[in-house]
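Biologist: I'm new to looking at protein models. Could you walk me through this one, feature by feature?

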Amino acid sequence: MKQVTIYTDGACSGNPGPGGWGAILIYKDTRLELSGYEAHTTNNRMELLAPIQALSRLKEPCEVCVYSDSAYLVNAFRQHWLENWVRRNWVKSDKKPVENQDLWKEILGYTQKHRIQWIKVKGHADNPLNNRCDELATGEIKRHRLENR
């Protein structure tokens with residue numbers, strides 16, 4: 001299997017509000033930067049959309065390391081929240097429905113295709129690739145703000 005590294009980040013101006021996401025895919029010496037925008041969203045949705053968009057670019061099953069500063073994303077896998085939500089038919093332990101089910105289900109589809117390791121990084125710190133993803137995400141928000149003046 002090909003080994004791919006993905007860095008992701010999401011951002012929102014207000015929560016909810018305009019949002020952006022950024023991702024960097026790395027395979028061997030090739031690096032691809034991706035970003036996108038949604039006019040009305042939440043930070044958590046952008047944190048989930050970034051890896052979805054990156055994983056959607058993979059054309060065959062891969063071993064993937066996904067680096068994210070989102071505890072929401074990483075802990076859902078590392079602390080087995082997602083397994084529990086699925087087992088309880090998308091209801092959290094507090095009996096409330098899981099938010100962003102559409103995006104979680106999409107991510108689950110990618111976990112069936114790829115071997116994914118979810119790695120938490122400290123946000124806005126000394127990780128240049130995480131910082132670049134943040135620049136991509138916030139840059140989308142700024143760009144759309146300027147276009148809509």
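**Reading the model together**

Modeller: Happily! Let's begin with a loop: Lys28 sits between strand 2 and strand 3 (30-41). Keep in mind that this is a predicted model.

Biologist: Is Lys28 buried or exposed, then?

Modeller: We judge that by relative accessibility, where over 50% is exposed and under 20% is buried. Lys28 has 66% relative accessibility, so it counts as exposed. Its backbone has a feature to look at too: phi of Lys28 is near 50°, a positive value in a residue other than glycine.

Biologist: Which other residues have a positive phi?

Modeller: One of them is Asn100, with phi near 65°. Asn100 is in the loop between helix 3 (81-87) and helix 4 (101-113). Another is His80, just after helix 2, where phi is about 65°.

Biologist: Is Asn100 buried or exposed?

Modeller: Asn100 counts as buried because its relative accessibility is 12%. To see its surroundings, look past its sequence neighbours. Leaving out residues up to four places away, Asn100 touches Asn44, Arg45, Leu48 and Tyr72. Take Asn44: it is 56 residues from Asn100 in sequence, yet the two C-alpha atoms are 8.2 Å apart in space.

Biologist: How many residues are buried in helix 2?

Modeller: For a helix, we go residue by residue. Helix 2 (residues 71-78) is mostly covered, with 6 of its 8 residues buried. These are Tyr72, Leu73, Val74, Asn75, Ala76 and Phe77. Their cover includes strand 1 (2-12), helix 1 (43-55), strand 4 (62-68), helix 3, helix 4 and strand 5 (115-120).

Biologist: Could we pick one residue from a strand as well?

Modeller: Try Ser68, which belongs to strand 4. Ser68 is buried because its relative accessibility is 0%. Among the residues Ser68 touches beyond its sequence neighbours are Leu73 and Val74, along with Thr8, Glu47 and Ile119. You met Leu73 and Val74 a moment ago as buried residues of helix 2.

Biologist: How many disulfides are there?

Modeller: For this we check the distance between cysteine sulfur atoms, which must be within 2.5 Å. The search of the whole structure finds 0 disulfides. For Cys12, the closest cysteine sulfur is in Cys133, 17 Å away, so that is too far for a bond. For Cys62, the closest is in Cys65 at 12 Å, also too far for a bond. Cys62 is buried as well, because its relative accessibility is 3%.

Biologist: Which peptide bond is cis?

Modeller: Here we read the omega angle. The bond from Asn15 to Pro16 is cis, with omega near 15°. Pro16 lies in the loop between strand 1 and strand 2 (17-27).

Biologist: Now, how do I describe the whole chain?

Modeller: Start with its elements: there are 5 helices and 5 strands. Along the sequence they follow the pattern β-β-β-α-β-α-α-α-β-α. Next comes overall size. A compact globule of 149 residues would have a radius of gyration near 15 Å, and the chain's 15 Å agrees with that. Its C-alpha atoms fill a box of roughly 45 × 40 × 30 Å along the principal axes.

Biologist: What share of the residues is buried?

Modeller: Of the 149 residues, 43% count as buried. You can also ask how far apart in sequence the contacting residues are. Among contacts between residues at least 6 apart, 65% join residues at least 24 apart.

Definitions and conventions
Residues are numbered from 1 along each chain as its sequence is written. This is a predicted model: local features need pLDDT of at least 70, side-chain atom pairs count only at pLDDT 80 or more; totals for chains, interfaces and linings use all residues. Side-chain values use heavy atoms; hydrogens and water are left out. Helices (H or I, at least four residues) and strands (E, at least two) are DSSP runs, numbered from the N terminus. The radius of gyration is taken over C-alpha atoms; the globule rule is 2.2 Å times the number of residues to the power 0.38. Buried means under 20% relative accessible area, exposed over 50%, partly exposed in between (1.4 Å probe, protein chains only). Contact means heavy atoms within 4.5 Å.
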